[in-house]
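Welcome, and please open the model in your viewer. Have the selection tool ready, and we will walk through the structure stop by stop.

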Amino acid sequence: MERVRLRFARGVYVEFVDRELGLRWVEEWAERGTRFVQLVYGPEGCGKSAWLIQAAELLKWFGFDVIYINPVERVFLAEVEVPDVRRRFLELVREASEGVWSRVAWAALDLARDLIRGGRRRLAVLADDVFQAIGLEKAAVYVKGMLGLIEYPPGDYDVIVAVAATSEGVSLREIGRHRWADLRVMWNMSAEGFRQLYDRVPGEKPAFGNVWRLTGGNPSALAKLCEAGWDPSDVVEDVSARGRVTSSFVEKWRSWLERAVEDPDVLWSGDAPEGLIDELVERNLVIFHLPNRDSRLWIDAPPPAHDPEIGVGRRVAWQTPLHREAVKRALEAQAI
């Protein structure tokens with residue numbers, strides 16, 4: 001199987017590394033199929049898209065027709081053996097504009113049905129961050145549509161692999177209410193895997209230990225630091241803006257946030273305000289309700305059970321140390 005090359009930062013491309021455990025899941029699915037949709041969630045930028053693109057390559061190697069769609073990044077793959085289906089998909093993508101990329105996401109399911117109807121026996125549908133394109137309120141409907149390919153196909157098949165990935169914690173609540181998907185978490189890279197990626201970044205850079213403490217193994221955070229000339233202040237500002245870490249937000253929840261930056265598991269306590277938890281999840285600042293570290297519940301290696309240095313608790317974790325730092329700096333600014 002070929003390792004794909006991916007754009008890492010401006011002018012920098014790297015070969016896919018690590019995630020051997022995650023690729024073993026793909027091999028297992030290729031052998032027996034997915035009984036339910038596999039919904040993979042985790043921190044923004046933890047490497048879900050890179051893993052899915054490599055998974056597409058692996059599934060193609062196993063003889064699958066593969067449809068991969070990421071409307072947010074405007075990326076698609078139609079590695080299918082039916083020229084007419086591939087041509088129609090490419091035409092739809094070429095015609096797509098900002099407002100109709102949601103149509104491409106839905107069309108991927110229609111094209112998958114056409115492949116089954118046309119007698120294709122091994123099919124993979126990989127839906128990456130489609131919920132942002134179609135609207136979070138339709139996330140469960142989309143997952144049900146993917147499940148329909150498995151349960152109510154328009155023809156016979158041998159194996160179907162259906163995987164959806166998201167960083168949107170809010171969407172999990174709606175999907176989790178139904179029994180249409182197996183929920184699995186992908187975390188930031190392990191220290192060993194992250195060092196492999198770090199070593200591939202060209203040029204002078206801070207010591208690995210310093211970069212690890214800033215990123216917690218998040219590949220996107222590493223890329224942003226690289227593009228920022230290794231100045232974490234610029235990246236923290238970006239995280240703060242994206243997470244809407246405003247003065248009013250910090251002032252409203254000050255006492256709890258001060259405790260959470262020291263130990264995110266305080267948010268798991270029975271008296272933690274649900275309003276604060278909802279806001280932190282909706283702003284993509286924390287991952288809430290981490291499962292135990294049983295490897296069967298995770299895509300690739302789980303995080304440590306508790307690591308205050310990078311903001312990981314047993315049940316709650318900051319998306320990255322930079323997210324925690326954004327809140328910490330906002331608290332300090334308000335205190336002045």
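Begin by selecting helix α4, residues 101–117. In this predicted model, α4 lies across three strands: β4 (65–70), β6 (122–128) and β7 (159–166). Compare the directions of α4 and β4, and you will find them running at about 170° to each other.

Now add helix α6, residues 139–151. This helix lies across β3 (37–41), β6, β7 and β8, and its angle to β7 is about 170°.

**The sheet**

Hide the helices for a moment and colour the strands. In what order do the seven strands of the open sheet come? Reading across, you pass β5, β4, β6, β7, β3, β8 and β10, with mixed pairing. At the edges are β5 (75–79) and β10 (298–299), each of which pairs on one side only.

Zoom in on the β10 edge. Here β8 and β10 are parallel partners, joined over two bridges. Pick Met186 and look across to β10: Ile299 is its bridge partner.

**Arg184**

Stay with β8 (residues 181–186) and select Arg184, which lies in this strand. Is Arg184 buried or exposed? Its relative accessibility is 11%, so Arg184 counts as buried, the cut-off being under 20%.

Show what surrounds this side chain. Leaving out neighbours within four places in sequence, Arg184 is in contact with Trp25, Trp29, Gln38, Leu39, Val40, Tyr41, Arg296, Leu297 and Ile299. For one of these, Arg296, turn on the backbone: its oxygen lies 2.7 Å from a polar atom of the Arg184 side chain. If you like a distance to try, go from the C-alpha of Arg184 to that of Asp156; the two residues are 28 apart along the chain, and these atoms are separated by 28 Å.

**The nonpolar cores**

Bring the helices back and show the side chains. The largest nonpolar core has 73 residues, and those with the most contacts inside it are Phe8, Phe89, Phe131, Tyr142 and Met146. Helix α4, your starting point, gives the most to this core, with 10 residues.

Select Met146 next. Which residues does Met146 touch, beyond those up to four places away in sequence? They are Val37, Leu109, Val125, Ala127, Ala162, Val163 and Ala164.

Apart from this largest core lies another, of 28 residues, and among them are Trp29, Ile53, Val159 and Val161.

**Helix α2**

Ile53 makes a handy link, as one of the buried residues of helix α2. Select residues 48–61: α2 has 14 residues and reaches 20 Å from its first C-alpha to its last, close to the 20 Å expected at 1.5 Å a residue. Of those 14 residues, 10 are buried, so α2 is largely enclosed by the rest of the structure. The buried ones include Trp51, Leu52 and Leu58, along with Lys48, Gln54 and Glu57. Move past the end of α2 to Gly63, where phi is positive, near 90°.

**The hairpin**

For the last stop, select β1 (residues 5–9) and β2 (residues 12–15). These strands pair in the antiparallel sense over four bridges, and they form a hairpin with two residues between them. Click on Gly11 in the turn, which has a positive phi of about 75°.

Two facing pairs are easy to pick out: Arg5 stands opposite Glu15, and Leu6 stands opposite Val14. Finally, look at the two faces of β2: Val12 and Val14 make up the covered one, while Tyr13 and Glu15 are on the uncovered one.

How values were computed. Residues numbered from 1 in each chain as written. Predicted model: local features only at pLDDT ≥ 70, side-chain atom pairs only at ≥ 80, totals over all residues. Heavy atoms only, no water. Core = buried A, V, L, I, M, F, W, Y, C linked by side-chain atoms within 4.5 Å. Buried < 20%, exposed > 50% of the residue type's maximum accessible area, 1.4 Å probe, protein only. Contact = heavy atoms within 4.5 Å. Expected span 1.5 Å × (residues − 1). Pairing = 2+ DSSP bridges. Polar contact = N/O pair within 3.5 Å; in protein donor to acceptor, adjacent residues only side chain to side chain. Axes fitted to C-alpha atoms, helices over the stretch in contact; angles between N-to-C directions.
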